[in-house]
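Here are a few exercises to work through with the model open on your screen. Try each task before you read its solution.

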Amino acid sequence: MELVLGSAQFGLDYGISNDDGMTTLNEISKVLRYAQQIKIKKIDTAYSYGNSHKSLASTNLENFKIISKLPKLDGVKVDKDYALLIVKEILSDLNLNQIEGLLFHSSKDLLSKNGDFFYKLLINLKKEKLVKKIGVSVYDPKEIKILIKNFDLEIIQAPLNIFDRRIIHSEITKELRNRNIVVQVRSIFLQGLLLMNINSLPTYFDRWSEHMTKWDKFNKSNKLNAIESCINFIKDQNLIDEVIVGINNLKQLKEIYGYFMKKNKIHIDEELFNNDLGLIDPRNWEV
């Protein structure tokens, strides 16, 4: 399992627990130098992450592979040049000739009536060697089966954390491994929610106070840092290839890497799983 550097905070004020705002160019440079030292090879970004592409390009990307995402395709006009223009803009912003991977923003884009059309555009980008691999970022792991049945995908990115275990409960990861599809997981801290003090949570989360208290008690009774618990849970998943960690600064990356390299094994209570989409899908949060 490899760490992938998430870069949403490099172009946006992103994450419910983010008090620092967008990461400065100076801090990004420090983060990437350290990432290279610890042999992180990939950076996850997206067209919709504000200035993240240009911010990344302000440093040396020579030793990194870039995975980016198309904008949402809902309402986008069917145009044979659309994907090419987007990718050329991405490459220009990053000062690169090729990116490692390009993902559809969500499964909805591929499963729409124009999904086949846009998929073929990405296949053409591969043929032109502007993109090495194509894939999709999913929000609901149940959609993965129909996606891999209808499209030849090389990367699947999905949420996975202590609360949201849908992708491992579905057992789809076994089939993805058999098909040599790279499985990337994101949102391992649930956009920072799992790291927040339960007394500082927005009132929206009051309805899950019992569940949040269980999580808090689990860490306290086991004398664990919440970051350590989250990372240990992910490390215990054998069929995951890569884990995306979004960070705001160098200190956070060093802390995450320290726990990632730790050899201890923690049993994470099954009762901490929760399938309420109001809690585990940040798109539904009213904060």
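**Exercise 1. Find which residues line the largest cavity, and sort them by element and class.**

Solution. Start with the lining itself: Leu3, Ile188, Ile231, Ile234, Lys235, Val243, Val245, Ile256 and Phe260 sit around the largest cavity. Keep in mind that you're looking at a predicted model.

Next, ask where these residues come from. Helix α10 (226-235), strand β8 (242-246) and helix α11 each give two or more residues to this lining. The top contributor is α10, with three residues.

Now sort by class. You should get eight nonpolar residues, no polar ones and one charged. Lysine counts as charged, so Lys235 is that one.

Finally, the volume: the largest cavity takes up about 40 Å³. With the cut-off set at 30 Å³ or more, the count is one cavity.

**Exercise 2. Describe how α9 and α10 pack, and say which residues meet.**

Solution. Take the geometry to begin with. The two helices pack at an angle of about 95°, and their axes are 10 Å apart. That makes α9 roughly perpendicular to α10, because angles from 65 to 115 degrees are put in that class.

Then go to the residues. On the α9 side you'll find Trp215, Phe218 and Asn219, and these meet Ala226, Ser229 and Cys230 of α10. Sorted by class, this contact has four nonpolar residues, two polar and no charged.

**Exercise 3. Work out what surrounds the second largest pocket.**

Solution. There are 13 lining residues, and those nearest the pocket's centre are Met196, Asn197, Asp216, Asn219 and Ala226. Two of these names may ring a bell: Asn219 and Ala226 also turn up in the contact between α9 and α10.

By element, helix α9 (residues 209-221) supplies the largest share of the lining, four residues. By class, the lining splits into seven nonpolar, four polar and two charged residues. The volume of this pocket is about 170 Å³.

**Exercise 4. Compare the direction of α1 with that of α11: parallel or perpendicular?**

Solution. Helix α1 covers residues 25-37 and helix α11 covers residues 250-261; they pack at about 25°, with axes 9 Å apart. That makes α1 roughly parallel to α11, since the limit for that label is an angle under 35 degrees.

Who's touching whom? From α1 come Glu27, Lys30, Val31, Tyr34 and Ala35, and from α11 come Leu250, Leu253, Lys254 and Tyr257. The class count for this contact is six nonpolar, no polar and three charged residues. Helix α11 is also one of the elements behind the cavity lining in Exercise 1.

**Exercise 5. Trace the sheet: in what order do the strands close into a barrel, and what packs on β4?**

Solution. Follow the eight strands round and you get β1-β2-β3-β4-β5-β6-β7-β8, closed into a barrel with parallel pairing. Neighbouring strands are turned by 30° against each other on average, ignoring direction.

Zoom in on one pair. Strands β4 (residues 99-104) and β5 (residues 131-137) pair in the parallel sense over five bridges. Isoleucine 99 has valine 131 in β5 as its bridge partner.

Last step: helix α3 (residues 82-94) packs on the sheet and touches β3 (65-69), β4 and β5. The direction of α3 makes about 135° with that of β4.

Key: Residues are numbered from 1 along each chain as its sequence is written. This is a predicted model: local features need pLDDT of at least 70, side-chain atom pairs count only at pLDDT 80 or more; totals for chains, interfaces and linings use all residues. Side-chain values use heavy atoms; hydrogens and water are left out. Axes are lines fitted to C-alpha atoms, for helices over the stretch in contact, and angles run from 0 to 180 degrees between N-to-C directions. Angles under 35 degrees count as roughly parallel, over 145 as roughly antiparallel, 65 to 115 as roughly perpendicular and the rest as oblique. Contact means heavy atoms within 4.5 Å. On a 1 Å grid over the protein atoms alone, a cavity is a set of points where a 1.4 Å probe fits but cannot get out, and a pocket is an open set with protein on both sides within 12 Å along at least five of seven lines; lining residues have an atom within 4 Å of a point. Grid points are joined across faces, edges and corners, and a volume is the space filled by probe spheres set on the points. Two strands pair if DSSP finds at least two bridges between them.
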